[in-house]
Amino acid sequence: MNYHIQASSIVKQDATLHIKQSNIDFGTTSKTAESLPNPAELFLGSFASCILKNVERFSTMMKFTYSKAAIEVNATRLENPPRMENILYNLTIYSNDKKLNKELLKKNIEKFGTIYNTVKLSCTISGTISTIENV
């Protein structure tokens, strides 16, 4: 598989990712540091997207149902050289399905996630999966 994206920016303004039919604005200036995602946050967003995509994918393969999934990702950035050192995620799956095997799901996410596997080559990743019954 090959992927293609485009991005553009204007001097002293912010930038935009152009991916398929989507445009995603991101911050490159100090004036939007609190309102637009920065590149590090987009990176973590890509990591989170990978995990959520695999929840959807493996729900079919593992034959479990869920109503929604939510993920929180935290990371530690080191300064010299600038890089992500530790990524910690907490994945919550809302489901009443007793067939949901959290350990197997976690193993599959860690084995088959494209972004997950790319990131784990450069930093430590740890995470948990919990379920909440949706009454």
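## Pairing in the sheet of strands 4, 5 and 6

Two strands pair if DSSP finds at least two bridges between them. Strand 4 and strand 5 have eleven bridges and pair in the antiparallel sense. One of these pairs can be named: Glu 72 has Asn 90 of strand 5 as its bridge partner. The model is a predicted one.

Strands 4, 5 and 6 make an open sheet of three strands in the order 4-5-6, with mixed pairing. Strand 4 (68-78) and strand 6 are the edge strands, and each pairs on one side only. On average, neighbouring strands here are turned by 15° against each other, direction ignored. Helix 1 packs on this sheet and touches strand 4, strand 5 and strand 6. The direction of helix 1 makes about 35° with that of strand 5.

## The sheet of strands 1, 2 and 3

A second open sheet has three strands in the order 1-2-3, with antiparallel pairing. Strand 1 (6-9) and strand 3 (22-26) stand at its edges. Each has a single partner strand, so one side of each is left without a neighbour in the sheet. Neighbouring strands are turned by 20° against each other on average, direction ignored.

Strand 1 pairs with strand 2 (residues 15-19) over four bridges, in the antiparallel sense. Gln 6 stands opposite His 18 of strand 2.

## Helix 2 and its two sides

Helix 2 (residues 102-112) buries Leu 105, Asn 108 and Ile 109. Seen down the helix axis, the buried residues fall within an arc of 100°, so they line one face of helix 2. Glu 103, Lys 107 and Lys 111 are exposed on the other side.

What do the buried residues of helix 2 pack against? Their partners are helix 1 (39-61), strand 5 (83-94), helix 3 (114-120) and strand 6 (124-132). Helix 2 lies across strand 5 and strand 6 and runs at about 145° to strand 6. Its N-terminal end is capped by Asn 101. There, a side-chain oxygen of Asn 101 lies 3.2 Å from the backbone nitrogen of Glu 103.

## Asn 54 in helix 1

Asn 54 belongs to helix 1. Is Asn 54 buried or exposed? Its relative accessible area is 5%, and buried means under 20%, so Asn 54 counts as buried. The side chain of Asn 54 makes a polar contact with the side chain of Arg 57, at 3.2 Å.

Neighbours within four places in sequence are left aside for the next list. Asn 54 is then in contact with Leu 105, Ile 109, Phe 112 and Gly 113. Leu 105 and Ile 109 are among the buried residues of helix 2.

## Aromatic rings

A pair of aromatic rings is described by the distance of the centres and the angle of the planes. Rings of Phe, Tyr and Trp pair if their centres lie within 6.5 Å. By this rule there are five aromatic pairs. Phe 64 and Tyr 66 have ring centres 6.1 Å apart and planes at 45°, so the pair is tilted.

The two residues of this pair fall into separate burial classes. Phe 64 is buried, with a relative accessible area of 4%. Tyr 66 is partly exposed, with a relative accessible area of 23%. Elsewhere, Phe 47, Tyr 89 and Tyr 116 form one aromatic cluster.

Methods. Residues are numbered from 1 along each chain as its sequence is written. This is a predicted model: local features need pLDDT of at least 70, side-chain atom pairs count only at pLDDT 80 or more; totals for chains, interfaces and linings use all residues. Side-chain values use heavy atoms; hydrogens and water are left out. Axes are lines fitted to C-alpha atoms, for helices over the stretch in contact, and angles run from 0 to 180 degrees between N-to-C directions. Buried means under 20% relative accessible area, exposed over 50%, partly exposed in between (1.4 Å probe, protein chains only). The arc is that of the directions from the helix axis to the C-beta atoms. Contact means heavy atoms within 4.5 Å. A polar contact is a pair of N or O atoms within 3.5 Å; within protein, one must be able to donate a hydrogen and the other to accept it, and residues adjacent in sequence count only if both atoms are side-chain atoms. Rings of Phe, Tyr and Trp (its six-membered ring) pair if their centres lie within 6.5 Å; planes under 30 degrees apart count as stacked, over 60 as edge-to-face and the rest as tilted.
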